[in-house]
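Reader: I have a structure to look at and no idea where to start. Can we go through it together?

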Amino acid sequence: MAEPRTMRVCALYPDLMNIYADRGNLLMLRRRCEWRGIGFELTGAGIGDPLDPHGADLYYMGGGQDRDQELCAGDLFEHKRAALSAAAERGALVLGVCGGYQLLGHAYQLGEEELPGIGLLDIRTVRSDGPRLIGNVGIEVDLPGATGRVLAGFENHAGRTQLGETAQPLGRVLSGHGNNDLDGREGARHGNVIGTYLHGPLLPKNAWFADWLISTSLGGSELEPIDDELEQLAHADARRAAGV
Ligand code: GLN
């Protein structure tokens with residue numbers, strides 16, 4: 001009989017970085033693991049907490065308002081940067097959504113103030129005085145084993161993100177604004193470190209991506225199919241809203 005498997009997830013700043021029901025992302029992972037008899041362990045690391053670089057298969061940071069990001073950025077840089085880099089180095093997944101995505105980069109510039117990021121992604125974000133980039137969004141992703149698949153969700157950000165040379169976009173914008181409303185790119189990826197502006201929350205609307213994360217966390221295992229009728233409807237609805 002196969003060994004029982006467990007996906008271990010660590011949520012970074014779960015009380016602060018969770019705008020737009022991003023907790024739904026964690027619940028989605030839990031349910032889809034449990035429905036398949038895969039164990040699921042969730043831990044959290046908030047301000048002041050140490051972070052174990054070997055403690056999780058996926059480190060997750062959700063979105064947040066600028067003031068939440070201001071509260072977390074210093075702690076992330078001082079106390080969690082080394083552990084997250086070590087985790088990414090050993091192949092753990094790191095996923096940041098919106099505010100979490102921005103803090104995975106080099107910095108988030110808010111007027112005169114610059115919030116430090118942890119530089120796991122070669123990206124830089126600047127808050128614009130222009131309109132917030134808000135609306136439904138659809139992208140075609142470029143991910144190992146999932147090239148050409150569509151993610152659909154919702155974005156709401158003032159920050160404009162530019163990719164440096166070593167970050168590749170997570171996907172190509174089919175509809176919506178993406179990283180900066182200019183270059184048709186959305187999100188970023190460097191190996192197992194992934195960032196995106198898609199909320200909605202992201203995973204309940206894109207069950208295939210939740211499964212991609214679970215499978216990748218478990219070393220690329222094949223996952224048992226499960227009855228996805230409702231998830232497919234949510235995905236179709238999000239795609240329809242985005243017009244893709
Ligand atoms: N505060 C960031 C911005 O406005 C991120 C927002 C978010 O996480 N929705 O760009």
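Author: Start with Leu-84. This is a predicted model, and in it Leu-84 is in contact with Leu-12, Leu-51, Tyr-59, Leu-76, Val-94, Ile-118 and Leu-120, leaving aside neighbours within four places in sequence.

Reader: ok, and how many residues does the largest nonpolar core have?

Author: The largest nonpolar core has 68 residues. Leu-84 is among those with the most contacts inside that core, and so is Tyr-59.

Reader: Switching to sheets. What's the strand order in the open one?

Author: The order is β2-β1-β3-β4-β14-β13, six strands with mixed pairing. Strands β2 (39–45) and β13 (188–190) are at the edges with a single partner strand each, so one side of each has no neighbour in the sheet. From one strand to the next, the twist averages 15°.

Reader: How do β1 and β3 run, and how many bridges join them?

Author: They run parallel, joined by three bridges. Val-9 stands opposite Leu-58 in β3.

Reader: Which strands does helix α1 lie across?

Author: Helix α1 (residues 23–34) lies across β1, β2, β3 and β4, at about 155° to β2. Helix α4 (residues 207–217) also packs on the sheet, where α4 touches β1, β3, β4 and β14.

Reader: New topic. Where is Glu-140, and what does it touch?

Author: Glu-140 is in strand β8 (residues 133–141). Beyond four places in sequence, Glu-140 touches Gly-148, Arg-149, Leu-170, Gly-171, Arg-172 and Leu-174.

Reader: Why does Glu-140 count as partly exposed?

Author: Because its relative accessible area is 29%, and partly exposed covers what lies between under 20% and over 50%.

Definitions and conventions:
Residues numbered from 1 in each chain as written. Predicted model: local features only at pLDDT ≥ 70, side-chain atom pairs only at ≥ 80, totals over all residues. Heavy atoms only, no water. Core = buried A, V, L, I, M, F, W, Y, C linked by side-chain atoms within 4.5 Å. Buried < 20%, exposed > 50% of the residue type's maximum accessible area, 1.4 Å probe, protein only. Contact = heavy atoms within 4.5 Å. Helix = DSSP H or I, 4+ residues; strand = E, 2+ residues; numbered from the N terminus. Pairing = 2+ DSSP bridges. Axes fitted to C-alpha atoms, helices over the stretch in contact; angles between N-to-C directions.
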